[in-house]
Structures are given as structure tokens and as C-alpha cells.
Amino acid sequence: MIDKINALLREVEEMKAANADEIEALRIKYLSKKGEISQLMDDFRTVAADRKKEVGQHLNHLKERAWQRINELKDTFADTQAIDDDIDLTRTAYPVKPGTRHPLSIVKKEICDIFGRLGFSIAEGPEIEDDWHVFSSLNFAQDHPARDMQDTFFIQHASDILLRTHTSSVQTRIMETTQPPIRIICPGRVYRHEAISYRAHCFFHQVEALYVDKDVSFADLRQVLLFFAKELFGQDTKIRLRPSYFPFTEPSAEMDISCNLCGGKGCPFCKHTGWVEILGCGMVHPNVLDNCGIDSNVYSGYALGMGIERITNLKYQVKDLRMFSENDIRFLRQFESAN
Ligand code: DAH
């Protein structure tokens, strides 16, 4: 019997299996109720009493090793077994929907691309600003209402650190460090102390454009505005300039475009006027040039600024401004094809 046990032990030590089924076959062969080792256990009853101790020890060792080997083999196949059982590698991959650009990013890119074709390069500035760059350098009077806590978010009470209320602050930052010719387009987020509603938010986005050089005239500004409006809203678009006031431009104007919904005939969207306002603009005030170290006797320039939300509304008729910041995937998916 000892010989038989030793022979089986050698077999057990050399057991090999290529997959989980083969391991199971080995288990059945040696360790199931009718397996070879179990049968030896049955035969053990017939062993003479004086040899029972020795044979019993060998037999127990064989059984123990058999289980150990089976478990070792199982361990080596554990990973592959999981794959076999749970994953069908032949299935097509789960479709992952790529993200899309946000409507405001789409329109911002479009605006920047149009000015880019005219030779403007992108400039950016900080959202946390100081009074000088947002107001003082831009010729705001000390008692201008925009400096009031009612309109502007101040970072610290009674300090001059604030969240910029317009991207015109980037004009100053660039003019302070660069001599003309300057031709920049500045997209960015701005903040105002507004009650949030469908038509106002406490943050929104603007794009600012600035051109400073020798002999820049209002005619140059008008030409660029017309080109811009036609590129963005279609070649039939007309523009009109209305006199306006901004501290940092003189003269200042607001630009309307012919209503892109009714083509200028008049509709509820344009309040039956045929025109919708899209931006503010003007010739850079000489004080602003001088404040930034640019000689206003030599150079002149124009500037313009617009709200990206407003332009996006005109293009896509989004009725509620809050939709832009709610991350509602059903809203955002509608702009997939515009990407
Ligand atoms: N900064 C103005 C605003 O926030 C927009 C603006 C108007 C910018 C006229 C300009 C400009 O550069 O010339 O309402």
C-alpha cells in the first residue's frame, strides 16, 4: 500500500492543467468520493493494526498535498477564470459618447476666429483684479456707480481688490506692458453684483477687442464692426451705430444689428424695432492711453466689448441665461452639431 501511496504522490506533485476544467477533472480523479485517494482511504480499513500508524501518516500526507496542488493550480488560473466567466471579449466595446463644446465656448471661439482672421491675437488677464485696472486706469470717475458695492464684488471689505466687472481691464494690462501697434482680442469671465434671474447672472462672459496704432480712426472701427457682424450673423446683416457713453472711449457708440430673426421687419424678439443691440464700442479715450504709458498725441485706437451670452442668445434663442451654468446635459446636447 505504501508503494501505491508513493506512486500517487508523484503523480500529484506533477499535476498540470491548462484550464479550470482540467483542474476540476484532476480533483475528481483523485479527491472525489470515488477518486483514487478516497479509495485508498477505504482500503485503509484492511491495513494490519501494527502498520496503521505508518500507512495512515503517508495517506494523510498524500491527501493534504493533493488538495494543496489543486489549490495552487486554481490560483494560477484565478484571473483567467474570471475573464472566462464574466467578460465576453468578442462583444463590441461599450460606446463612450465624447463630450461637446459648451455653447458659450462655441460662440467665443467663433468671435475669436473672426478677429483672428483680421490679425488680432488673444490676450487674457486675471479675474481677481484691482481698482486701477478695472476702473481708475479706464477713466472711471471716483464716484462712478460701478465702484459701488451694489454693483461690484469686492474680495475684502474696504479694499481695492475685486472681481473684474468687465474684460476692459485686460486692455490696461496689455497697454501698460506693450507699445503699439496693439491688436488684441480678450475673452473672459466677468462678475457683477446682480440678482440672478432669467436675464441676469452674477457672472457672465465678455469679449473685448482693442486696436491701437498711428492714425486709427472711427472709420476703421466701423469697417471692422461691419465685417464682424456679417461674418457672425450672415452677409445680409446690417449694422447701425448709436451714440453712447463709456468713460474709457470718446466718442462712444452702441452697435445694433438688423434683427437676425425677422430680418429687420420687426418681431417680438426685437420689440418690433427691427434692430437688436449687440455691443459697445468707441475710440480709446486719450486719458486711458496716457494712463497706460502710450502717447495719445502719437497714437489713437478703438475698442469694443460684447457679452458672449447675449450673442449666443441671438444665435440660438436661449431664453433663460441660467441654462448656461446649470450643466443640464439635455440642454448642452442640443449644441452637438454646432461643434
Ligand atoms: N466694458 C463695457 C461693459 O462691460 C463694454 C465695452 C463698451 C467695452 C465699449 C469696450 C467699449 O471696449 O469700447 O459694458
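These are my notebook entries on the ligand site and the nonpolar cores of a predicted model.

Conventions. I number residues from 1 along each chain as its sequence is written, and side-chain values use heavy atoms, without hydrogens or water. As the model is predicted, local features need pLDDT of at least 70 and side-chain atom pairs pLDDT 80 or more, while totals for chains, interfaces and linings use all residues.

Entry 1, ligand shell. I looked up the residues around the ligand (a heavy atom within 4 Å of it). There are 15, and His166, Ser168, Arg192, Gln206 and Glu208 come nearest. I then read off the polar contacts (N or O atoms within 3.5 Å). Polar side-chain atoms lie 2.6 Å from a ligand oxygen for Glu208, 2.8 Å for Arg192 and 2.9 Å for Gln206. The protein covers 89% of the 350 Å² of accessible area that the ligand has on its own (Shrake-Rupley, 1.4 Å probe). Two or more shell residues come from each of α7 (168–177), β5 (203–213), β8 (275–284) and β9 (300–307). I sorted the shell into five nonpolar, eight polar and two charged residues, with Gly counted as polar.

Entry 2, cores. I searched for nonpolar cores (buried nonpolar residues joined through side-chain atoms within 4.5 Å); buried means under 20% relative accessible area with a 1.4 Å probe, protein chains only. The largest has 45 residues, of which Ile111, Phe115 and Leu304 touch the most other members. Elements that each supply at least two of its residues include α5 (103–117), β5, β8 and β9. A separate core of 23 residues includes Ala123, Leu138, Cys186 and Leu210.

Key. A polar contact is a pair of N or O atoms within 3.5 Å; within protein, one must be able to donate a hydrogen and the other to accept it, and residues adjacent in sequence count only if both atoms are side-chain atoms. Helices (H or I, at least four residues) and strands (E, at least two) are DSSP runs, numbered from the N terminus. Buried means under 20% relative accessible area, exposed over 50%, partly exposed in between (1.4 Å probe, protein chains only).
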